[in-house]
Amino acid sequence: MLKKNLLLLVAVVALTLLPILFLQDAEFGGADGEAEKAITEINSEYEPWFTAIWEPPSGEIESLLFVLQGVVGALIIGYFIGYMRGKNTKKSNVKH
Amino acid sequence: MKQLLPKLAYFGVVFLFIPKEAYAMHIMEGYLPIRWAIFWFVLCLPFLVKGLMAIRKVVKENPESKLLLALSGAFTFVLSALKIPSVTGSCSHPTGVGLGSVLFGPFVMSVLGSIVLLFQALLLAHGGLTTLGANIFSMAIVGPFIAIGVFKLITKWGLSFSVAVFFAAMLGDLGTYVMTSIQLALAFPAEIGGFLGSFQKFASIFAITQIPLAVSEGLLTVMIMNFIQKYNMSELIKLRILKAKES
């Protein structure tokens with residue numbers, strides 16, 4: 001199973017790296033600005049009628065919060081895999 | 001109907017050869033007219049109510065499955081935090097709803113996905129409160145339903161569990177962003193070309209960027225499922241996802 005997962009992981013990493021390697025002048029922006037622009041192109045009178053009640057004060061703080069979100073999730077996943085593995089080996093030890 | 005096919009073919013070609021710079025994610029705060037915002041909210045409500053009931057039932061019947069439930073939520077949390085570069089020269093993030101949909105069904109996942117979207121709207125100014133209904137509908141309802149449908153179909157065809165999981169997660173992810181494009185096109189039909197004209201525009205922003213990410217999400221979901229299969233087989237059988245004989 002580990003070998004299979006390693007292969008899958010390599011494929012994911014390759015899929016992620018290829019755009020960066022082949023599209024060297026791309027901006028890889030992260031704002032949702034393009035869709036906003038498209039809306040303005042279609043309906044130039046449209047004004048967003050509500051703005052975010054709180055926005056991260058800077059890109060750095062936004063990335064901090066995104067990292068935290070990832071960390072919390074990854075912690076739970078790691079805990080889950082470790083717990084299951086531990087439980088499994090314990091069971092098989094008792095059997096033998 | 002006759003006109004639709006060439007149109008669709010044309011869009012396909014346009015999508016392939018004119019990669020636009022795009023930042024594909026959820027619908028931004030304030031960018032849906034109020035009547036559409038309300039419409040999507042109302043549409044989501046029955047799904048969320050049923051989802052809460054489904055979660056209660058799962059936890060009551062299988063208390064041990066709480067851990068898997070947490071895992072499904074955590075998986076969405078991680079995947080939707082990963083902004084990944086794509087072929088269009090911009091970034092987007094996967095949704096991660098496929099795993100939970102296969103494990104617990106689409107209704108349970110609609111609740112977990114909504115929690116993630118609420119978190120991102122409140123703390124990250126990503127998506128938004130007024131567009132939350134629309135974003136829940138695309139990511140936490142349409143995505144999971146496509147995922148479970150694809151999973152069941154492929155399993156029925158007799159293909160392997162991993163293949164079914166891969167396509168379920170991948171097409172659920174892709175379907176989410178096609179839905180986002182439909183939602184925006186409905187709210188902002190183009191003066192020339194109407195709904196289809198706008199759909200082409202938004203799909204080239206939202207859906208194309210998503211294709212490689214959807215493949216990545218499919219692969220990552222298979223990876224996690226491999227772990228669950230190895231260490232938690234009994235749970236999968238209890239949740240009636242795998243039959244006992246396969247263990």
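Reader: Which residues does B:Ile228 touch, not counting residues up to four places away in sequence?

Author: In this predicted model, B:Ile228 has neighbours in both chain A and chain B. From chain A there is A:Phe80. From chain B, the residues touched are B:Leu68, B:Leu71, B:Leu99, B:Leu103, B:Met233 and B:Leu236.

Reader: Which residues have the most contacts inside the largest nonpolar core?

Author: The largest nonpolar core comprises 87 residues. B:Ile228 belongs to the group with the most contacts inside this core, and B:Leu103, which B:Ile228 touches, belongs to that group as well. The full group is B:Leu103, B:Phe202 and B:Ile228.

Reader: Which helix gives the most to this core?

Author: The leading contributor belongs to chain B and spans residues 194–231. With 16 residues in the core, the element that gives the most is helix 8.

Reader: How many residues does each chain bring to the contact between chain A and chain B, and what area do they bury?

Author: Chain A brings 55 residues and chain B brings 66 residues. Carbon and sulfur atoms carry 74% of the area buried between the two chains. That buried area is about 5,500 Å².

Reader: Which residues form a salt bridge with the closest N and O atoms 2.8 Å apart?

Author: The rule finds two salt bridges across the interface of chain A and chain B. The closest N and O atoms of one pair lie 2.8 Å apart, within the 4 Å cut-off. That pair is A:Glu41 and B:Lys201.

Reader: Which helix of chain A gives the most to the side that touches chain B?

Author: Helix 1 (2–22), helix 2 (33–42) and helix 3 (59–95) of chain A each supply at least two residues of that side. The residues of the side divide into 35 nonpolar, 11 polar and nine charged. The helix that gives the most, with 17 residues, is helix 3.

Reader: Is B:Gln120 buried or exposed?

Author: B:Gln120 lies in helix 5 (residues 106–123) of chain B. Beyond its neighbours within four places in sequence, its contacts include A:Phe66 and A:Gln69 from chain A, and B:His26, B:Ser80 and B:Ala125 from chain B. Because its relative accessible area is 0%, under the 20% cut-off, B:Gln120 is buried.

Reader: What is the phi of B:Ala125?

Author: B:Ala125 is one of the residues in contact with B:Gln120 and lies in the loop between helix 5 and helix 6 (132–156) of chain B. B:Ala125 is partly exposed, with a relative accessible area of 27%. Although B:Ala125 is not a glycine, its phi is positive, at about 50 degrees.

How values were computed:
Residues numbered from 1 in each chain as written. Chains lettered and ligands numbered in written order. Predicted model: local features only at pLDDT ≥ 70, side-chain atom pairs only at ≥ 80, totals over all residues. Heavy atoms only, no water. Contact = heavy atoms within 4.5 Å. Buried area = accessible area lost by both parts, 1.4 Å probe. Salt bridge = Lys/Arg side-chain N within 4 Å of Asp/Glu carboxyl O. Helix = DSSP H or I, 4+ residues; strand = E, 2+ residues; numbered from the N terminus. Nonpolar A, V, L, I, M, F, W, Y, C, P; charged D, E, K, R; others polar. Buried < 20%, exposed > 50% of the residue type's maximum accessible area, 1.4 Å probe, protein only. Core = buried A, V, L, I, M, F, W, Y, C linked by side-chain atoms within 4.5 Å.
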